[in-house]
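Hi everyone, thanks for making time for this. I'd like to walk you through one structure, a pair of side chains at a time. Have a look at the sequence and the model first.

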Amino acid sequence: MAGPRFDLTINLGHIITFGGLLVTMAIGWATFDGRLRAVEKTLETATATLVEQVRQGAELSAVSARVDRLERLAEMR
């Protein structure tokens, strides 16, 4: 029993299939790129928000410490 034989000709079906594959890959790449950019933008926004919250937390701690000192001074009088 002989192995399978392949016909080495190229017909219209092969060209249409290959063209469809290229179009599908291009659309998939564009979609992936757009979604990746959206995720990156969301991550940048979340990072900026976190940095701002940390900064505000430090300011709040400083204000709280100052209020505590003023309360101690008021109690001493």
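Okay, let's start with Asp 33 and Arg 37: these two make a salt bridge, and their closest N and O atoms sit 3.2 Å apart. Before I go further, please keep in mind that this is a predicted model.

So what is going on in a contact like that? In general, side chains of opposite charge can pair when their charged atoms come close. Here, Asp 33 and Arg 37 are both in helix H1, four residues apart, and that is about one turn of the helix.

How open are the two partners? Asp 33 has 27% relative accessibility, so it counts as partly exposed. Arg 37, on the other hand, is exposed, because its relative accessible area is 55% and the cut-off for exposed is over 50%.

Now, how many salt bridges does a search of the whole structure find? Three of them. We've done Asp 33 with Arg 37, so let's move along the helix.

Next up is Glu 52, whose side chain meets that of Arg 55 in a salt bridge, at 2.2 Å from N to O. Glu 52 and Arg 55 are three residues apart in helix H1, which means about one helical turn lies between them. Both partners come out as partly exposed: Glu 52 has 32% relative accessibility, and Arg 55 has 38%.

Then there's Glu 59. Which side chain does Glu 59 meet in a salt bridge? It's Arg 55 again, this time at 2.3 Å, N to O. Glu 59 and Arg 55 are four residues apart in helix H1, so they too are separated by about one helical turn. Glu 59 is partly exposed, with a relative accessible area of 42%. And because salt bridges that share partners are joined up, Glu 52, Arg 55 and Glu 59 end up in one network.

Let's leave the charges and talk about rings. The structure holds one aromatic pair. Its members are Trp 29 and Phe 32, and the pair is tilted, with 6.2 Å centre to centre and 45 degrees between the planes. Why tilted? Planes under 30 degrees apart would count as stacked and over 60 as edge-to-face, so 45 degrees lands in the tilted class.

Trp 29 and Phe 32 are three residues apart in helix H1, so once more we're looking at about one helical turn. As for how open they are, Trp 29 is exposed, at a relative accessible area of 60%. Phe 32 has 48% relative accessibility, so it is partly exposed.

On to the nonpolar side. Ile 10, Leu 12, Ile 15 and Ile 16 make a nonpolar surface patch of about 470 Å². Let's pick out Ile 15 from that group: its place is in helix H1, which covers residues 12-76. Is Ile 15 buried or exposed? At 53% relative accessibility, Ile 15 counts as exposed.

Last stop: Arg 5, which is found in the segment before H1. Arg 5 has 83% relative accessibility, so it counts as exposed. Now look from Arg 5 to Met 76: they are 71 residues apart along the chain, and 101 Å separates their C-alpha atoms.

If you take one picture home, make it the network of Glu 52, Arg 55 and Glu 59, joined by salt bridges that share partners. Thanks, and I'm happy to go back to any of these.

Conventions. Residues numbered from 1 in each chain as written. Predicted model: local features only at pLDDT ≥ 70, side-chain atom pairs only at ≥ 80, totals over all residues. Heavy atoms only, no water. Patch = residues over 30% accessible without salt bridge, like charges linked within 9 Å, V, L, I, M, F, W, Y side chains within 5 Å. Areas by Shrake-Rupley, 256 points an atom, 1.4 Å probe, with all protein chains shown as cover. Salt bridge = Lys/Arg side-chain N within 4 Å of Asp/Glu carboxyl O. Helix = DSSP H or I, 4+ residues; strand = E, 2+ residues; numbered from the N terminus. Buried < 20%, exposed > 50% of the residue type's maximum accessible area, 1.4 Å probe, protein only. Phe/Tyr/Trp six-rings, centres within 6.5 Å; stacked < 30°, edge-to-face > 60°.
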